[in-house]
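The exercises below concern one structure, and each is a short task followed by a solution in steps. Please look through the sequence and the model before reading the solutions.

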Amino acid sequence: MKISHIEHLGIAVKSIEAALPYYENVLGLKCYNIETVEDQKVRTAFLKVGETKIELLEPTCPESTIAKFIENKGEGVQHVAFAVEDGVANALAEVESQGLRVIDKAPRKGAEGLSIAFLHPKSTMGVLTELCEH
Ligand code: ZN
């Protein structure tokens, strides 16, 4: 597969409102979009850092994957998302042919209208990995 850059880092936070002052006032980044992704039970806030983004992930209910992540590990980096140039479906097929475990068998819609798929951390040395394309 061909990866062009790190599209974003997903960071689990208890509260976007509580986290934003650090990113905006201390780091000087700017939040340009906040949206809720219902099927993932998260609210997301995006900040640009060059070509890469920070995606803050706030759980919308206790059953959210992000709520469970925070419960187990605390707030912090939850996943790394790579932008693939030749399609998420192609990248997934390649990954599966190499025997890696995937969480998504087919691309689905993520925040910002991206086509996304997650690889299983058991196959990626513990890093929840997202592949995405615009
Ligand atoms: Zn993500």
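**Exercise 1. Describe the salt bridge of lysine 2 and place its partners in the chain.**

Solution. The side chains of lysine 2 and glutamate 85 meet in a salt bridge with an N to O distance of 2.9 Å, where a salt bridge is a side-chain nitrogen of Lys or Arg within 4 Å of a carboxyl oxygen of Asp or Glu. The pair links distant parts of the chain, since lysine 2 sits in the segment before strand 1 (3-12) and glutamate 85 in the loop between strand 5 and helix 3 (88-97), 83 residues apart; helices (H or I, at least four residues) and strands (E, at least two) are DSSP runs, numbered from the N terminus. Glutamate 85 counts as partly exposed because its relative accessibility is 48%, and the classes are buried under 20% relative accessible area, exposed over 50% and partly exposed in between (1.4 Å probe, protein chains only).

The model is predicted, so local features need pLDDT of at least 70 and side-chain atom pairs count only at pLDDT 80 or more, while totals for chains, interfaces and linings use all residues. Residues are numbered from 1 along each chain as its sequence is written, and side-chain values use heavy atoms, with hydrogens and water left out.

**Exercise 2. Work out which parts of the chain the salt bridge of glutamate 7 and lysine 53 ties together, and describe the surroundings of lysine 53.**

Solution. First, the closest N and O atoms of glutamate 7 and lysine 53 are 2.7 Å apart. Next, glutamate 7 lies in strand 1 and lysine 53 in strand 4 (residues 52-59), so the salt bridge ties together parts that are 46 residues apart in sequence. Glutamate 7 is buried, at a relative accessible area of 2%, and lysine 53 is buried too, at 7%. Leaving aside residues up to four places away in sequence, the residues that lysine 53 touches include His8, Tyr32, Phe46 and His134, contact meaning heavy atoms within 4.5 Å.

**Exercise 3. Characterise the zinc site: which residues are its protein donors, and how are the donor atoms arranged?**

Solution. The protein donors are His8 (NE2), Glu55 (OE), His79 (NE2) and Glu130 (OE), lying 2.0 to 2.4 Å from the zinc ion; donors are N, O and S atoms within 2.8 Å of the metal (3.2 Å for Na, K and Ca), and sites may look incomplete because water is not among the atoms. Histidine 79 in strand 5 (residues 76-84) and glutamate 130 in strand 8 (residues 129-133) link distant parts of the chain, 51 residues apart, and both are buried. The four donor atoms subtend angles of 82 to 173 degrees, which makes the arrangement irregular. Four donors would count as tetrahedral if all angles lay between 85 and 135 degrees; four count as square planar and six as octahedral if opposite donors are over 155 degrees apart and all others between 65 and 115, and anything else is irregular.

**Exercise 4. Determine how the buried residues of helix 1 are distributed about its axis.**

Solution. Ile16, Ala19, Leu20 and Tyr23 are buried in helix 1. Seen down the axis, the buried residues fall within an arc of 110 degrees, so they line one face of the helix; the arc is that of the directions from the helix axis to the C-beta atoms. Ala18, Asn25 and Val26, on the other side of helix 1, are exposed. The buried residues of helix 1 pack against strand 1, strand 2 (31-37), strand 3 and strand 4. Just after helix 1, glycine 28 takes a positive phi of about 75 degrees.
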